[in-house]
Amino acid sequence: GEVTLVARAVAHTAMYFWEYSVDQVTWTSLPSTLRCKTTIADLVPGQLYFFRFRAHTWKGPSDASDAVKCRVL
């Protein structure tokens with residue numbers, strides 16, 4: 001399974017730190033990006049995942065976004 005995540009841009013220049021979880025307790029970090037979009041592959045079909053991100057700008061890091069859930073097909 002594969003999921004493409006798209007976040008609203010927080011600034012012209014930012015780094016995005018992506019995470020996922022299956023229980024919203026333990027979060028696994030994914031590769032960071034310079035774009036507000038990423039694709040995550042090799043997910044288990046049928047599994048419910050939660051995704052969130054944090055942005056880091058010249059002002060510093062943001063809080064984590066609200067988690068969004070997605071069942072991978």
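A salt bridge is taken here as a side-chain nitrogen of Lys or Arg within 4 Å of a carboxyl oxygen of Asp or Glu, and the structure holds one such contact. It joins Arg52 to Glu19, whose closest N and O atoms are 2.6 Å apart. The model is predicted, so local features need pLDDT of at least 70 and side-chain atom pairs count only at pLDDT 80 or more, while totals for chains, interfaces and linings use all residues. Residues are numbered from 1 along each chain as its sequence is written, and side-chain values use heavy atoms, with hydrogens and water left out.

**Salt bridge and the charge over a ring**

- Arg52 lies in strand β5 (residues 48-57) and Glu19 in strand β2 (residues 15-21), so the salt bridge ties together parts that are 33 residues apart in sequence; strands (E, at least two residues) and helices (H or I, at least four) are DSSP runs, numbered from the N terminus.
- Arg52 is buried, with a relative accessible area of 18%, and Glu19 is buried as well, at 13%; buried means under 20% relative accessible area, exposed means over 50%, and partly exposed lies in between (1.4 Å probe, protein chains only).
- Arg52 also lies over the face of Trp27, at 3.9 Å from the ring centre, where a charge sits over a ring if NZ of Lys or CZ of Arg is within 6 Å of the ring centre and within 35 degrees of the ring normal.

**Aromatic pairs**

- There are five aromatic pairs, counted when rings of Phe, Tyr and Trp (its six-membered ring) have their centres within 6.5 Å, with planes under 30 degrees apart called stacked, over 60 edge-to-face and the rest tilted.
- The rings of Tyr20 and Tyr49 have their centres 5.7 Å apart and their planes at 70°, so this pair is edge-to-face.
- The Tyr20 and Tyr49 pair links distant parts of the chain, with Tyr20 in strand β2 and Tyr49 in strand β5, 29 residues apart.
- Tyr20 counts as partly exposed at 21% relative accessibility, whereas Tyr49 counts as buried at 5%.
- Ring pairs also link Tyr16, Trp18 and Phe53 into a cluster.

**Cysteines**

- The count of disulfides is zero, a disulfide being a pair of cysteine sulfur atoms within 2.5 Å.
- Cys36 is in no disulfide, and the cysteine sulfur nearest to that of Cys36 belongs to Cys70, 18 Å away, a distance that is too far for a bond.
- Both residues fall in the partly exposed class, Cys36 at 23% relative accessibility and Cys70 at 27%.

**Nonpolar surface patch**

- Met15, Phe17 and Leu34 form a nonpolar patch on the surface, with about 280 Å² of accessible area together; accessible areas come from the Shrake-Rupley method with a 1.4 Å probe, and for residues only the protein chains shown count as cover.
- Patches are made of residues with over 30% relative accessible area and no salt bridge, with like charges joined within 9 Å and nonpolar side chains (Val, Leu, Ile, Met, Phe, Trp, Tyr) within 5 Å.
- Leu34 is placed in the loop between β3 (28-29) and β4 (37-40), and at 67% relative accessibility this residue counts as exposed.

**Positive phi outside glycine**

- Gln24, which is not a glycine, has a positive phi of about 60°; Gln24 is in the loop between β2 and β3 and is partly exposed, with a relative accessible area of 42%.
- Asp42, again not a glycine, has a positive phi of about 65°; Asp42 is in the loop between β4 and β5 and is exposed, with a relative accessible area of 76%.

**Contacts between residues far apart in sequence**

- Pro45 is found in the loop between β4 and β5 and is exposed, with a relative accessible area of 56%; Pro45 and Arg71 are 26 residues apart in sequence and, C-alpha to C-alpha, 7.7 Å apart in space.
- Gly1 lies in the segment before β1 (3-6) and is partly exposed, with a relative accessible area of 36%; Gly1 and Gly46 are 45 residues apart in sequence and, C-alpha to C-alpha, 8.7 Å apart in space.
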